[in-house]
Amino acid sequence: MYLAKSWLAASAVTLSLVVTGCAQQGPVREGSGGYAVDAAWPKPLPNNWILGQVAGIAVDARDHVWLIHRPKTLIDEEKGAALSPPRAKCCVAAPPVIEFDGEGNLLRAWGGPGAGYEWFENEHGIYVDTQGNVWVGGNDPKDHQLIKFTPDGKFLMQVGRAGQTGGSNSPTLLGRPAHMEIDAATNELYVADGYGNKRVIVLDAASGAYKRHWGAYGKAPSDEKLPLYNPQSPQFANPVHCVRLSNDGLVYVCDRANNRVQVFKKDGTFVKQFTFEEKSLGSGSSFDLVFSNDAQQKYFYLADGTNDQVLTVERESGRVVNSFGRPGRYAGQFLVLHNIGIDSKGNLYTSEVGSGKRAQKFRPAN
C-alpha cells in the first residue's frame, strides 16, 4: 500500500473557458448561464505520477475531492518510466486513491493490495461517509466486494468476497457493485449492484448485514437477459450504475443502458422514472447524478457518458433545463464521462474513463 501526504504541487496558470449550455436557463439559479471549466484543476501530480482511467469521484464534507483510478489501464506511452528498462522519463502510475483540496492540491494518495482485504482487478466507485471513511469498489468479473478504509488508507471492513457471487436475489453476496451511498440517519448502506447483479441492495453499514433489496419498479430482480436501451424494461440492465439519496427521502437509481433514472422510497416502493436521450445506444445515457445543493435540491446533474454531456434536470418533473459538454480532448469536453460530484459551493467535478483518464472541475459561470 502506498501513502503520500501534504504535497504542494507546482503552480499552474488559471484558465477558465465558458462552457455554453443548450438552454437559456442556468443549472441552479434560473438565468445563471451554465458552467466554466477550471482548466488548472487539479494541479500537476508529484513523483512523476500519472492517472489511468478515473473510475470514481466523490466530494467529502470538507469539500475535498477524492478519486479512484485504474493504474492498470495505462499504456506503455504513458508509463514509460515504470517499464524495465525505462523507455522514457515519464511516468509511473499514481496510487489508486487520491485526495485533493478544492484548489487542486494533492493531500493524500494510497491504495492497492494489502493485508486483510482483497483489492480489485479493476477499480470502480468511491464514496466518503460522514465520518470521513472512504468506501471503494471494483467492477472486474471477479470484483464482488466493497472495502472501507480510514482517510489515511487503514483497512476497516470488507463487504462481499472477490470471486464469489450469488445472483440478484442473494442476501449474502454482491455482484460487481458499481456505486454506494450511506443513509446517515439509519446507518444503512445502499449499493447499486451493479455490473453483475441487477438490483439495489441495502446493508447495515456497520456490520454489512443484509436488510433488503429490489429491482426495477421495486419488484424482485431477475437475471434474465433482456434487450438493452428499453426505458420500459421490466428489469434493470447491467450496469445498475449509481444510487443517490435525496434530502426528501427518495432513492435515485441510474439504469444506465436503459437510458433512465428510476426513483424509489427507501423501502423500495417505486415512485417514478425519467428517461434521457432515449435513442442513445453504446453505454446508455444515465451514468451518474448528484443533486443541487439548495435545501430543496431543485435540480440534479446527470452525467451522460455516451453523449459526453452533463444535463441539468428539474428534479420534480425530469425536465432538462440546460446541458454542457461534448466529446473531445479540450478542457470542458469529455471522453467517456463516468461519474460526477458536487461541493458546497456548487462546483461540479467529473471523472472520465475510456481514453479520457482525467478529472475536471466546473464552476458556476455566474
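1. A word on terms before the fold itself: a contact here means heavy atoms within 4.5 Å. With that in hand, 53% of the contacts in the protein chain with a separation of 6 or more are accounted for by residues 24 or more positions apart. Please keep in mind throughout that this is a predicted model.

2. What does the secondary structure of the protein chain come to? The count is 0 helices and 28 strands, so strands are what this note follows, by the DSSP runs that define them.

3. On overall dimensions, the protein chain has a radius of gyration of 19 Å, which agrees with the value near 21 Å that a compact globule of 366 residues would have. Along the principal axes, the C-alpha atoms fill a box of roughly 55 × 50 × 35 Å.

4. Burial and surface can be taken together. Of the 366 residues, 58% count as buried. The protein chain exposes about 14600 Å², and carbon and sulfur atoms supply 52% of that area. As for charge, there are 38 positive and 37 negative charges, and their mean positions are 2 Å apart.

5. Strand S10, residues 123–128, is a good place to begin a closer look. S10 is mostly covered, with 6 of its 6 residues buried. Its partner is strand S11 (residues 134–138): the two run antiparallel and are joined by 4 bridges. Within this pairing, Tyr-127 stands opposite Trp-135 in S11. The two strands form a hairpin with 5 residues between them, and in the turn Gly-132 has a positive phi of about 90°.

6. You may enjoy strand S27 (residues 348–352), which is also mostly covered: 5 of its 5 residues are buried. In a regular strand the side chains alternate between the two faces of the sheet. Which residues of S27 point one way, and which the other way? Leu-348, Thr-350 and Glu-352 point one way, Tyr-349 and Ser-351 point the other way, and all are buried. Do note that Glu-352 is among these buried residues.

7. S27 pairs with strand S26 (residues 337–342) through 5 bridges, in the antiparallel sense. Gly-341 stands opposite Tyr-349 in S27. The hairpin made by S26 and S27 has 5 residues between the strands, and Gly-346 takes a positive phi near 90° there.

8. S27 also pairs with strand S28 (residues 359–364), again antiparallel, over 4 bridges. Here Leu-348 stands opposite Phe-362 in S28. In this hairpin there are 6 residues between the strands, and Gly-354 takes a positive phi near 55°.

9. Now to the loop between strand S17 (210–214) and strand S18 (240–245), where Glu-224 lies. Gln-235 lies in the loop between S17 and S18 as well. Are these residues buried or exposed? Glu-224 is partly exposed, because its relative accessible area is 47%, which falls between the 20% and 50% cut-offs. Gln-235 has 7% relative accessibility and therefore counts as buried, the limit for that being under 20%.

10. The contacts of these loop residues are worth following on screen. Not counting residues up to four places away in sequence, Glu-224 touches Lys-198 and Gln-235. Leaving aside its own neighbours within four places, Gln-235 is in contact with Lys-198, Ala-216, Ser-222, Asp-223, Glu-224, Leu-226, Asp-255, Asn-258 and Arg-260. Lys-198 thus appears in the contacts of Glu-224 and in those of Gln-235.

11. Another loop, between strand S13 (155–160) and strand S14 (177–183), holds Pro-171. With a relative accessible area of 43%, Pro-171 is partly exposed. How far apart in space are Pro-171 and Arg-212? Their C-alpha atoms are 7.9 Å apart, although 41 residues separate them in sequence.

12. Finally, Tyr-299 has its place in strand S23 (residues 299–304). Tyr-299 is buried, because its relative accessible area is 0%. Two distances help to place this residue. The C-alpha atoms of Tyr-299 and Glu-314 are separated by 4.5 Å, with their positions 15 residues apart along the chain counted as the separation. Glu-224 and Tyr-299 are 75 residues apart along the chain, and 34 Å separates their C-alpha atoms.

Methods
Residues numbered from 1 in each chain as written. Predicted model: local features only at pLDDT ≥ 70, side-chain atom pairs only at ≥ 80, totals over all residues. Heavy atoms only, no water. Rg over C-alpha atoms; globule rule 2.2 N^0.38 Å. Buried < 20%, exposed > 50% of the residue type's maximum accessible area, 1.4 Å probe, protein only. Areas by Shrake-Rupley, 256 points an atom, 1.4 Å probe, with all protein chains shown as cover. Lys, Arg positive; Asp, Glu negative; His and termini not counted. Charge placed at Lys NZ, Arg CZ, Asp CG, Glu CD. Pairing = 2+ DSSP bridges.
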